[in-house]
Amino acid sequence: MKTLNHSAVYVETTRANIHDIVRTLIDAVGAETVGHIAGSTDATAPHRWAHPQGTELDILTKERLRLGYRVWLTLQSLEDPQAAVDWLMAPNRALDEERPMDFIARLHAQQVVSTAETLVTGDATR
């Protein structure tokens, strides 16, 4: 069972530059998934958000991206990065057979973060 410092993950999420967050997420899960997490239907928007001179993001979009980043940082404890990506995109029994990325888009932070932490730590009692 892995230990997880969820406080450190939370602090990193709140302090990180939003453009850096977008770039990290694009590299990790792809622009299409980043757009979905952020609630955008524009497939090119995440690439614009990744640059400081790009499109300004509204508060709700920033919150969704920060939550996605928080979940991603949690999932980085997994040894297989592809398993983390697959987890985000697959229906999850703990989330009523919905995809974690949909929970992120709806800002259901407690449920999706708790489920990600359970995956990483192997603690089914969470």
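**Helix packing and the nonpolar core**

Helices α2 and α3 are oblique to each other, a class that holds angles which are not under 35 degrees (roughly parallel), over 145 (roughly antiparallel) or 65 to 115 (roughly perpendicular). In this predicted model, local features need pLDDT of at least 70 and side-chain atom pairs count only at pLDDT 80 or more, whereas totals for chains, interfaces and linings use all residues. Residues are numbered from 1 along each chain as its sequence is written, and side-chain values use heavy atoms, without hydrogens and water.

The angle between α2 (residues 18-29) and α3 (residues 31-38) is about 125 degrees, and their axes lie 7 Å apart. Leu-25, Ile-26 and Val-29 of α2 meet Ala-31, Thr-33 and Val-34 of α3, contact being heavy atoms within 4.5 Å. Five residues of this contact are nonpolar, one is polar and none is charged.

The largest nonpolar core (buried nonpolar residues joined through side-chain atoms within 4.5 Å; buried means under 20% relative accessible area, with a 1.4 Å probe and protein chains only) contains 35 residues. Leu-65, Val-71, Trp-72, Leu-75, Leu-88 and Val-112 touch the most other members. Helix α5 (59-75) gives the most to this core, with seven residues. Leu-75 touches Ala-84, Trp-87, Leu-88, Ala-116, Leu-119 and Val-120, residues up to four places away in sequence not being counted.

In α8 (109-121), the buried residues are Val-112, Val-113, Thr-115, Ala-116, Glu-117, Val-120 and Thr-121. Their cover includes α1 (6-15), α5, α6 and α7. Just after α8, Gly-122 takes a positive phi of about 75 degrees.

Key: Axes fitted to C-alpha atoms, helices over the stretch in contact; angles between N-to-C directions. Helix = DSSP H or I, 4+ residues; strand = E, 2+ residues; numbered from the N terminus. Nonpolar A, V, L, I, M, F, W, Y, C, P; charged D, E, K, R; others polar. Buried < 20%, exposed > 50% of the residue type's maximum accessible area, 1.4 Å probe, protein only.
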